[in-house]
Amino acid sequence: MAAPGPQPQTGDAAYRGIVRPLLLPTWAVIGILMVLPVALMAVYSFLTKEFRGGVEWDFTLAAYDQFFVTRGLFGDEPPQIEWTYISIFWRSIWQAALATLLCLLIGFPTAWFIATRPAKTRGIWLFLITIPYWVNLLIRTVSLRFLLRDQGPLNEGLIDLGLISEPLQIINTNLAVQLGLFYSYLPFMVLPIYAAVERYNFALSEAAADLYASRWATLREIVLPVVKPGIIAGCILVFVPSLGAFLAPDLLGGAKTFMIGSLIDEQFKGSQGNWPFGAAVAMILMSLVLIVLLLYARAQTRGAR
Amino acid sequence: MKGVRHYPGFLPLTILCLIVLYAPLAVVAVYSFNASTSITQWGGFSLRWYADVFTGAEAERFGQAAWNSLTIALIAATTATAIATAAALAMIRGGPFRGRQASFALINLPLMVPEIVIAVATLIFFSTIGLTTGYLTILLAHITFCIPFAYLPIAARLEGIEGTYEQAARDLYATRAQAFRLILLPLMMPGVISGWLLAFIISLDDFIITNFVKGAGMETLPTAIFGSVKQGIKPNIMAISTLMLLVSVLFVTAAYLINRKGQKTP
């Protein structure tokens, strides 16, 4: 029911006339300080590296070539696929996926439990889950490192209890990195699943129970398909930041757990750096994340239909 | 039979979830009161490491870093909140307009792009335009990524305020500016304050982007702590961590309470 002629200035659209000036600061700041830099980074990935850490404005595919192709130690052998960097990406994807799975296994029951509490106490539970997210990520990662050390409280406690005789080597392993990522992003898994379960119509479960479905059959056949959008959203919110994480692999892992974040970081440190290569790795990481987000958006629009 | 909402084992897993989230923080908080110089041995209760934070060998370095962190967080949060408030007015009260979708995507962009990618892109940008990395570059980067965090609570609050209040003011011949200042802004205030608090915490927290654009000799608290931790976790780091933890918890609790109180009044 579009009204013809000039619309009355209702409160709901009171700022219609000045939308542009109101949005100008946002466009200027994010446009100049984020969109432009990302575009510039794309250009940098095609430039030639300078030895002091920086670039020369000669366009080349050298950075991407270095990432994907090897020509032997002296560069005179026939080109082959370079596995070093691909395997770092593969390891990062694998680590992020395991951390996501771990978050899902703990996060789903937690979200379900909170969503089935009385409305009064739900807020408190949710608040308890979100507080750690607001504590400095560096401090949380350092705390985890302190807890998991060879002589740390966890190992000492387990030895005192007589459960183990030698300290478990957790720090500098893949497990430590997975635990770190899990610990960093767990609230991101709980919140969207909670939102989905809160909207779930429990009459569906009751109907299933009336038809003699067991609790777990109901969970598998009825609940999971209905709350799937929340689960997928949670998985993406954990997987995407885990993929580019820097602190957890750097502080909890060792040389064997090198991930994308550290690879990029190295390219910009000191005179040993390689800016175009770092920019190319960042571009490849961003493309991966964009693919994941696009797949998600497509799945959502398909689900809405 | 406790009904269809109950699943055996979900309560223990929830408790496990909370233990996982809080145990490392609790352990560090406890050990920050350790009298011993060793981080492994418990030597009794003491406040010596808190005294060390303010008077010890590293006090000056951490003091300067804390000052940088606080002033950057204050300026970045305030600027980002002002920008986000204007954006929220346009997005929620601007009616339909061309570029609304694009504006929405732009506001949320800092949440979509991985932090390390933002860090690289920002460093490359500052290097290209010839801006020396330091206080100013950290500040500019922080303002940018704080915008969506300030925007979310402000927009959520604004959506919950009916247009009728301003309409009544306008009917009584208030100008748009008067209606905003006297009617809408006070109603929005809980959202604006929580937005500011969250932006402040996010700025105070940031390590990855700051580490890229800080330049040599410039430190914020997280980068100073990171530098120390690389040589091993010392007791004074645990005291600083506990203090920062306390600040975060206080701020988030304040944001939560202000928002809840705001929801009760119309």
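In this predicted model, A:Phe246 is buried, at 4% relative accessibility. A:Phe246 lies in the loop between helix 9 (215-243) and helix 10 (247-252) of chain A. The ring of A:Phe246 pairs with that of B:Phe226. The two ring centres are 6.2 Å apart. Their planes meet at 45°, and the pair counts as tilted. B:Phe226 belongs to helix 10 (residues 221-229) of chain B, and the pair thus crosses between chains. B:Phe226 is also buried, with a relative accessible area of 11%.

Over all chains, the structure holds 32 aromatic pairs. One of them joins A:Phe46 and A:Tyr64. This pair is tilted, with 5.1 Å from centre to centre and 35° between the planes. A:Phe46 sits in the loop between helix 1 (19-44) and strand 1 (48-50) of chain A, and A:Tyr64 in helix 2 (residues 62-68) of chain A. The pair therefore ties together parts that are 18 residues apart in sequence. A:Phe46 is partly exposed, at 34% relative accessibility. A:Tyr64 is buried, at 17%.

Aromatic residues of both chains also meet in one cluster. Chain A supplies A:Phe108, A:Trp112, A:Tyr200, A:Phe202 and A:Trp216. Chain B supplies B:Tyr7 and B:Phe10. A:Phe202 has a charged partner as well: B:Arg5 lies over the face of its ring, 4.0 Å from the ring centre. A second charge sits over a ring across the chains. Here the charged end of A:Lys269 is placed over B:Phe212, at 4.7 Å from the ring centre.

The cysteines were examined next. The count of disulfides over all chains is zero. A disulfide is a covalent bond between the sulfur atoms of two cysteines. For B:Cys17, the closest cysteine sulfur is in A:Cys103. The two sulfurs are 8.8 Å apart, which is too far for a bond. The cut-off for a disulfide is 2.5 Å. B:Cys17 is buried, at 0% relative accessibility. B:Cys146 is buried too, with a relative accessible area of 0%.

In chain A, helix 5 (residues 137-148) packs against helix 6 (residues 153-160). Their axes are 5 Å apart and form an angle of about 30°. Because angles under 35 degrees count as roughly parallel, helix 5 and helix 6 of chain A are roughly parallel to each other. Helix 5 of chain A makes the contact through A:Phe146, A:Leu147 and A:Leu148. Helix 6 of chain A contributes A:Pro153, A:Leu154 and A:Asn155.

Chain B contains eleven helices and zero strands. From the N terminus on, its elements run α-α-α-α-α-α-α-α-α-α-α. The C-alpha trace of chain B spans about 70 × 70 × 30 Å along its principal axes. Chain B has 266 residues, of which 54% count as buried. Among its contacts with a separation of 6 or more, 73% join residues 24 or more positions apart.

B:Ala169 gives a local view of chain B. B:Ala169 lies in helix 7 (residues 164-171) of chain B. At 11% relative accessibility, B:Ala169 is buried. With its neighbours within four places in sequence left aside, B:Ala169 is in contact with B:Ala174, B:Ala179 and B:Ile183. B:Ala169 and B:Ala88 are separated by 81 residues in sequence. Their C-alpha atoms are 20 Å apart in space.

Backbone angles were considered last. Most residues other than glycine have a negative phi. A:Tyr212 is not a glycine, and its phi is positive, near 70°. A:Tyr212 is found in the loop between helix 8 (203-210) and helix 9 of chain A. A:Tyr212 is exposed, with a relative accessible area of 79%. In chain B, B:Tyr173 has a positive phi of about 70°, although B:Tyr173 is not a glycine. B:Tyr173 lies in the loop between helix 7 and helix 8 (176-205) of chain B. B:Tyr173 is exposed, at 76% relative accessibility.

Key. Residues are numbered from 1 along each chain as its sequence is written. Chains are lettered from A and ligands numbered from 1 in the order in which they are written. This is a predicted model: local features need pLDDT of at least 70, side-chain atom pairs count only at pLDDT 80 or more; totals for chains, interfaces and linings use all residues. Side-chain values use heavy atoms; hydrogens and water are left out. Rings of Phe, Tyr and Trp (its six-membered ring) pair if their centres lie within 6.5 Å; planes under 30 degrees apart count as stacked, over 60 as edge-to-face and the rest as tilted. Helices (H or I, at least four residues) and strands (E, at least two) are DSSP runs, numbered from the N terminus. Buried means under 20% relative accessible area, exposed over 50%, partly exposed in between (1.4 Å probe, protein chains only). A charge sits over a ring if NZ of Lys or CZ of Arg is within 6 Å of the ring centre and within 35 degrees of the ring normal. Axes are lines fitted to C-alpha atoms, for helices over the stretch in contact, and angles run from 0 to 180 degrees between N-to-C directions. Angles under 35 degrees count as roughly parallel, over 145 as roughly antiparallel, 65 to 115 as roughly perpendicular and the rest as oblique. Contact means heavy atoms within 4.5 Å.
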